[in-house]
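Here are my notes on this one, as numbered points. Have the structure open while you read, and shout if anything looks off.

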Amino acid sequence: MSAADEEAALLGLAPVAPDRTVAYGPHPDQIVDLYLPRVAGGEWAAEDARAAESARVADGATAAEEARAADGAQAQAAGPPPVVLLHGGFWRAAYDRRHLSPLAAALAGQGLPVALAEYRRVGAGGGAPQTFDDVTAGLAAAVRELPGGGDPVLVGHSAGGQLALLAAARPGTRLSRVLAVAPVADLARAHALGLSNGAVAELLGDGPGLADRIAAADPACHPPAGVPVTILHGTDDPDVPLDLSRRYAAHSPGTTDLHELPGVGHYGPVTPGSPSCHTLFAQLRRTCST
């Protein structure tokens, strides 16, 4: 499938309304759409947790270890962890969350509690630092409002992948994993390439000191703070070159698992029904069952 066909396949899907929308601030874009699980999603996770706990106790775990195991089993028994989605669009107000609503609904159909977060974007009250602050606030709101056990999984596509990776580097942010899809993972390289007609400079503000502002917001300069990272990136992505993810992975060895998807473009992994979206589902299933 060509890059244009991939984009048309995703943008041709009808938006799916959420079960509920909550606000986390006064701006109209400071909202989170909630998609509640459509099937029971906790039984398999709870069984895995009970089996792991029994094995640890049988092996002579200490009282503290047993307590930690019990806490983990209790969280798993409450269901899989919440999944928070961050959309892309090169941080611009022209692109909103609605194109990821079919993905959010499809994940909820797999039994996952899902939040699709909106945030202020360039041209409508966003840009640095407002956009970054909204990710933190939106994530907190999603965790408060969604059912599920354990720390959330943060999934970001394209520019949303940059936001997710930067969140993973922020001390104190509790995440079980970041799953970044075709992320703008190296801002310095993205700016040097002039991606999307200078989108990085628009986000951070052009002019004196831009190099320092890029370094402060560049995931490639800030390894994840104890958060495991999985990246899915198509080899034929015309919008965000695969090289950006390779460069990020090279800066964070041991914490980042990069999966290169042969023949896949920019939109396939977030389009329900596509083969590469099945890969995304498999990664989430693996994450949410451990």
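1. Let me start with R246: at 42% relative accessible area this residue is partly exposed, where buried means under 20%, exposed over 50% and partly exposed in between (1.4 Å probe, protein chains only). R246 forms a salt bridge with E260, with the closest N and O atoms 2.8 Å apart; the rule asks for a side-chain nitrogen of Lys or Arg within 4 Å of a carboxyl oxygen of Asp or Glu. The two residues are 14 apart in the chain, R246 in helix 10 (residues 242-251) and E260 in strand 8. E260 is partly exposed as well, because its relative accessible area is 34%.

2. Some ground rules before going on. Residues are numbered from 1 along each chain as its sequence is written, and side-chain values use heavy atoms, leaving out hydrogens and water. This is a predicted model, so to speak: local features need pLDDT of at least 70 and side-chain atom pairs count only at pLDDT 80 or more, while totals for chains, interfaces and linings use all residues.

3. How far does the confidence go? The mean pLDDT of the protein chain is 88, and 86% of its residues reach 70 or more (pLDDT is the predictor's confidence in each residue, from 0 to 100). Residues 41-76 stay under 50, and the model has 27 contacts beyond four places in sequence for them, a contact being heavy atoms within 4.5 Å. Where pLDDT is low, predicted coordinates should not be read in detail.

4. Now the sheet. It is open, with 8 strands in the order 1-2-4-3-5-6-7-8 and mixed pairing; two strands pair if DSSP finds at least two bridges between them. Strand 1 (20-23) and strand 8 (256-261) are the edges, each pairing on one side only. Neighbouring strands are turned by 20° against each other on average, direction ignored. Helices (H or I, at least four residues) and strands (E, at least two) are DSSP runs, numbered from the N terminus.

5. Inside that sheet, strand 6 (residues 177-181) and strand 7 (residues 229-234) pair in the parallel sense over 4 bridges. Helix 11 (residues 275-288) packs on the sheet, touching strand 3, strand 5 (153-157), strand 6, strand 7 and strand 8, and its direction makes about 175° with that of strand 6. Axes here are lines fitted to C-alpha atoms, for helices over the stretch in contact, and angles run from 0 to 180 degrees between N-to-C directions. If you want a register check, V181 stands opposite L232 in strand 7.

6. Back to helix 10: which of its residues are buried? They are L242, L244, S245, Y248 and A249. Seen down the helix axis, they fall within an arc of 155°, so they line one face of helix 10 (the arc is that of the directions from the helix axis to the C-beta atoms). These buried residues pack against helix 6, helix 7 (187-193), helix 8 (195-204), strand 7 and strand 8.

7. On charges, the count comes to 13 salt bridges. D33 and R97 meet in one of them (2.6 Å, N to O), linking strand 2 to the loop between strand 3 and helix 4, 64 residues apart. Both D33 and R97 are buried. They belong to a network of salt bridges with D29, E118 and R121.

8. Last, R174 and D151 meet in a salt bridge too (3.3 Å, N to O). R174 counts as exposed because its relative accessibility is 62%, while D151, at 25%, counts as partly exposed.
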